[in-house]
Every structure is written in C-alpha cells, then in structure tokens.
Amino acid sequence: MRHRSLLVLTTVITTGALTLTACGSRDGDSKDNGGGKKTTVVIGVDAPLTGSLSALGQGIKNSVDLAAKTANKNNEVPGIEFKVEALDDQAVPASGQANATKLVGNKDVLGVVGPLNSGVAQQMQGVFGSANLAQVSPANTNPSLSQGDNWGKGEFKRGFKTYFRTAATDVVQGKFAAQYLFKDAGKKKVFIVDDKQTYGAGLAAIFADEFKKLGGEVVGTDHVTVKETDFSSTADKVKSSGADSVYFGGQYPEGGLLADQIKKTGANVPLMGGDGIQDPAFISASGEANEGDLATSIGYPVEKLDTAKKFIEDYKAEGYKDPYAAYGGYSYDAGWAVIQAVKAVAAANSGKLPTDARAKVVEALGKVSFEGVTGKVAFDEYGDTTNKQLTVYKVEGGKWVDVKSDTFNQ
C-alpha cells in the first residue's frame, strides 16, 4: 500500500452512506482493468461514524477499506474488484436496521462488516438473515446474538446462520474480568454499574455471576443512562457502600465520567470495565487521574503481534485521519474473511460469481481459516470466533498499558 500513486480514492457521499473505492472507477458493475471486465463486489460497513463513539466507528470503516484496497492491489480474487459502502448508525438500533435494509437492497453487497454495538446488531440480524446476506461483526460481544436467548441456561441455538463475529463474547470477557479483579487485583467487594444497554447490562451480569462464584461480594448495583453526564448519585452510592472496586458495563463516554465522579467523592477505588471503555477517550473524559483503572479487551495488543505489523504499516501509509482504534485489527480480519469467502465461491464456479452468491458466501464464511491481523481467524458452529484471546489493561501514566494477556477457556 506504499505505492499511493497507483491508487485513487474516490468518495461519494449519499444520504447516510459513504462509498469508497480503491480504483477511482464508478462505471457500474464492472470495469475494464486491461485484462477484461471485472465484477464489482461491495462490502458493506455499518458503524457509528458520527457521535460519541465515532472514534471506534471510523477505525472500523478505515480498516475494512484497507482490506478491500489490499485485495484489489494483490488481485486477491481474479476478476473481482472490491468496494466499500459505509453507513452511519450513530449507535442507534433503528438506524442500524434501516442501514441493513439499504445494504440488502444493493445487489452488489455480498457481505457486511459491523456493527459496533450489540443492541444495534439485534435489529439488523433479521434483515440480513431474510436476505441470506452475511454479517461479520468485529466488536459485538453479547452471547445471545449467536447462541440464542437461553445460552445462560445451557441451551444453545444459533438464530441466524448469516451472523458471524471476530470478537470474543462477553461469556469469555466477563468471566476473565472477574477472575482478574478477584484473583490478581485482590478485590473482594465490588459495586456494579451498567448503562442499561444490551452490551453493558449483559457484560455486567456475566461479570457479577462469576465474581460471586469466586467468593467475591457484590455490595451494590446501580444504572446510568447513556448520554447523561451527571452520575453523582451513583458515585455517592459507591462511596457509602464500602466497595473496594467498581465494575462498569458500558462505553467510554459514560465510563470516563463515572470514574471521574467516583474519585471526586474521595472513594479511591479502581473502576474496571470491558472493551467498551478501553479507549484513550475514557481517560480524557475524566478530570481526575485514572491511575489504576482497568479494562479487558478482546485479543492481544495489536501492536505486539507479529501478524499485525503489516496492517499497522499499511494503515499508517494510507494516511487515514482517524486511528484504527480498539477494533481495527478485528475489522480488517472481518473484511478479509468476507473477501476469502467470495474468493472460495468464485473459485468453485469457474472464477465467476453464481446467481446465489450471497447464500454461497454465507456457507463459505463458515469454512474460512487463515492467519489474520489478530491471529487465527475461523468460526465455530455458532459463527463465533475460535480465537479466545483476551487482555487486561491498566491506566498507568495517563495511558492504557497491557498488564495481562491470556487465552481463556470456559
């Protein structure tokens, strides 16, 4: 991707949509690339591209764009040109559902990467399922999305064969967090707060169950509302509870403010959360020092993975305005999984896409297996990633520093 003179980035903005192409051609479904016509395959992206979570959404979009550009440059799938159509859901479920309908309506879309939020995914799954359109999320962690609503009772049922994810679920993340806080950090009395959203409430519940099983005590619980900023009443409850730690199920905009307001009460206790708070914005949102606050995140630190070196170099070379952030590597791998599925489908049909390409891509996704940015990329019978690696981060010196990485076995 260093030969940028060979690439022309064309951006077309429509209502709620951003279409990116690595070749500057918009001549319909195919183009003459010197060796004959090429078929256009669009990879959809749904993420919060504006709003409080846009730092994560932009990283998702850019990373999928990089995967498409890499495939085009390397002629990964002979006869096929990949483009990306990115839609902004603003972390709103209804917007995600509308975006899903729009992507389904574009016959060139053979796979979609996203969304960021589990609550948004719940409203998209049915739309994609009805259309046999594959969806690969780089960030959804709620177990019910792949294992059904009764997964907690040991009843596993995959609701949508079109749904896949490169992110480990909260079953893994919540238990991993509880074990670290209880065993490694030595905390025995936790106050649990969630934001009442699918991701946050689900993660907090799994954490609480595991923490109690380990012998820890939940000394109090409370809820906050997304986009509100005054959490002083919750902070006061934390202080009066005698908790030696706080676990927050939610995202960094509320998490950073909550941590700040808890510390302002004089309660010198660490706040721990999931991958939703593991972002520099969590630290900048707090006026008080966040030293000692903790977060778990899926996978190992991308910067320390040999498999991620080229991704990091190429991302930097492209000059994207926003960083790849927490889910960049998983987004690239999600996009590459779609590309590999398309490659398999074309190869099985004499190099051309069949009329039922969407259904065939769904089938092929279940069989993909490759070494990606984040390690081995493959999916189990529920569409979940087989990669169960997680990392605990701690705020030290005003930044997130990884303190423990491990492969978690339930």
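**Exercise 1. Work out how strand 9 is paired and where its sheet ends.**

Start with one pair: strand 9 (residues 189–194) and strand 10 run parallel and are joined by six bridges. Strands are DSSP runs of E with at least two residues, helices are runs of H or I with at least four, and both are numbered from the N terminus. Two strands count as paired if DSSP finds at least two bridges between them. Within this pair, I192 stands opposite T221 of strand 10.

Before going on, please note that this is a predicted model, in which local features need pLDDT of at least 70 and side-chain atom pairs count only at pLDDT 80 or more, while totals for chains, interfaces and linings use all residues. Residues are numbered from 1 along each chain as its sequence is written, and side-chain values use heavy atoms, with hydrogens and water left out.

Next, widen the view: the pair belongs to an open sheet of seven strands with mixed pairing, in the order 10-9-11-12-13-16-17. Its edges are strand 10 (217–223) and strand 17 (399–407), each of which pairs on one side only. From one strand to the next, the twist averages 25°.

**Exercise 2. Find the helices that pack against strand 9, and give their directions.**

Helix 6 (residues 198–213) packs on the sheet and touches strand 9, strand 10 and strand 11 (245–249). Contact here means heavy atoms within 4.5 Å. The direction of helix 6 makes about 165° with that of strand 9. Angles run from 0 to 180 degrees between N-to-C directions, and axes are lines fitted to C-alpha atoms, for helices over the stretch in contact.

Helix 8 (residues 252–264) lies across strand 9, strand 11 and strand 12 (271–273), and runs at about 165° to strand 12.

**Exercise 3. Classify the packing of helix 7 on helix 8.**

First take the geometry: the axes of helix 7 (residues 232–241) and helix 8 come within 8 Å and cross at roughly 50°. Therefore helix 7 is oblique to helix 8; under 35 degrees counts as roughly parallel, over 145 as roughly antiparallel, 65 to 115 as roughly perpendicular and the rest as oblique.

Then list the contact: helix 7 contributes S232, T234, A235 and V238, and helix 8 contributes L258, Q261 and I262.

**Exercise 4. Repeat the classification for helix 2 and helix 3.**

The axes of helix 2 (residues 93–105) and helix 3 (residues 118–131) come within 7 Å and cross at roughly 20°. Helix 2 is therefore roughly parallel to helix 3. Residues in this contact include P93 and G96 of helix 2 and G119 and V120 of helix 3.
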